[in-house]
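Good morning, colleagues. I should like to take you through one structure, part by part, and I ask you to keep the view in front of you as I speak.

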Amino acid sequence: MLSVTDLRKEFGGLVAVDDVSFDIGDGEIVGLIGPNGAGKTTLFNTITSVHEPEPGARIEFDGTDVVGLDTHLIARRGLVRTFQIVRVFDEMTVLENAAAGAMFGSDASPSTEEARERGREALEFIGLDDKADTLASNLPIAQKKQLELARALASEPRLLLLDEIASGLTPGEIAGLTDTIRRLRDERGVSVFWIEHIMDAIMGVADRIIVLNSGKKIAEGTPEQIRANETVIEAYLGDEA
Ligand SMILES: Nc1ncnc2c1ncn2[C@@H]1O[C@H](COP(=O)(O)OP(=O)(O)OP(=O)(O)O)[C@@H](O)[C@H]1O
């Protein structure tokens with residue numbers, strides 16, 4: 001589904017992502033972990049054309065090279081992301097926020113009614129439909145994160161990039177969130193690529209984990225393999241797990 005080859009991104013003299021290659025298959029949940037500054041968000045930003053990679057990189061989504069394609073055109077193809085800092089529109093209702101997602105999705109120009117319907121359906125799936133008419137600014141953080149997921153879902157993603165969606169949540173809220181993400185995959189067939197620092201969240205649900213350190217991919221494997229990997233323990237998990 002997503003195939004990344006030799007992805008490199010430099011900022012001045014700093015190599016933020018250092019020749020990274022990997023694939024994500026249909027229906028997979030893949031975690032992306034690593035210390036602060038490892039290049040995880042830069043990798044997401046480069047995949048979604050927020051940044052341009054250095055020449056020579058290939059980023060293929062469903063066999064099409066998406067390097068240089070506008071972010072909204074990438075989203076229209078089904079590659080959709082959430083952000084590290086929640087970006088709900090505070091002055092809009094929960095339903096209006098969710099409906100806004102539909103405007104950026106696979107269907108380029110749904111009617112307002114269709115967008116609201118898709119938004120409502122996404123809220124039901126996420127379990128936030130009882131808050132449809134609440135102003136987004138009045139939601140607690142856990143529900144803002146659910147709303148971000150609902151908005152992404154309304155855009156009908158095939159691959160969802162999640163950036164630290166579990167941070168700031170209680171263990172109970174994290175369990176609910178990971179359950180929703182698993183349902184997104186199982187019931188909607190959405191693949192997930194998930195940056196997370198909270199190991200309990202990502203290790204329990206990911207099929208595979210990719211580890212970055214100083215821009216380089218230092219390991220890739222099942223959660224069990226990653227937990228036992230000496231290089232990963234030394235670079236990261238020794239402090240975090
Ligand atoms: N727009 C930018 N301009 C210059 N340097 C940047 C820019 N974005 C990121 N960097 C640098 O690139 C490196 C990788 O940063 P990045 O945010 O991708 O790491 P990260 O793994 O997502 O970290 P964290 O876990 O703290 O979010 C860091 O050294 C960062 O300072």
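**A loop residue, two domains and a ligand shell**

Let me begin at E156, which lies in the loop between helix 5 and strand 7, the latter spanning residues 159-163. Please bear in mind that this is a predicted model. Although E156 is not a glycine, its phi is positive, at about 55°. Is E156 buried or exposed? E156 counts as buried because 20 other C-beta atoms lie within 10 Å, and the cut-off for that class is 20 or more.

A second residue may be set beside it. D19 is also not a glycine, and its phi is positive, near 50°. D19 is placed in strand 2. With 15 other C-beta atoms within 10 Å, D19 is partly exposed.

A word on confidence. The average pLDDT of the chain is 92, and 95% of the residues score at least 70. For the complex, the predictor gives an ipTM of 0.97 and a pTM of 0.92. As a general caution, where pLDDT is low, the predicted coordinates should not be read in detail.

I turn now to the domains. The assignment divides the chain into domain 1, made of 2-78 + 157-240, and domain 2, made of 87-156. Taken over C-alpha atoms, the centres of domain 1 and domain 2 are separated by 24 Å. How many residues does each domain bring to the contact? Domain 1 contributes 13 residues, and domain 2 contributes 13 residues. On the domain 1 side, helix 2 (71-76) and helix 6 each supply at least two residues. Helix 6 gives the largest share of that side, with four residues. By class, the domain 1 side divides into seven nonpolar, four polar and two charged residues.

One residue of helix 6 deserves a closer look. T180 is found in this helix, which covers residues 171-188. T180 touches I126 and L149, leaving aside residues up to four places away in sequence. Along the chain, T180 and L149 are 31 residues apart, yet their C-alpha atoms are separated by 9.1 Å. T180 is partly exposed, since 18 other C-beta atoms lie within 10 Å.

Next, the interior. The largest nonpolar core has 69 residues, and those with the most contacts inside it are A98, A150, V192 and W194. Which helix gives this core its largest share? Helix 5, residues 141-154, does so with six residues. Both domains take part, for the core draws at least three residues from each of domain 1 and domain 2. Returning to W194, we find that it touches I29, G31, L32, L162, I202 and A206, again not counting residues up to four places away in sequence.

Finally, I come to the ligand. Which residues are around the ligand? They are F11, L14, A16, G34, N36, G37, A38, G39, K40, T41 and T42. Strand 2 (14-24) and helix 1 (40-47) are the elements that give two or more residues to this shell. Helix 1 gives the most, with three residues. The shell has four nonpolar, six polar and one charged residues.

To close, I would draw your attention once more to two places: the side of domain 1 that touches domain 2, where helix 6 has the largest share, and the shell around the ligand, to which helix 1 gives the most. Thank you.

Note on methods:
Residues numbered from 1 in each chain as written. Predicted model: local features only at pLDDT ≥ 70, side-chain atom pairs only at ≥ 80, totals over all residues. Core = buried A, V, L, I, M, F, W, Y, C linked by C-beta atoms within 7 Å. Buried ≥ 20, exposed ≤ 12 C-beta atoms within 10 Å, placed from the backbone. Domains from an automatic or database assignment. Contact = placed C-beta atoms within 7 Å. Nonpolar A, V, L, I, M, F, W, Y, C, P; charged D, E, K, R; others polar. Near = placed C-beta within 6 Å. pLDDT = per-residue confidence, 0-100.
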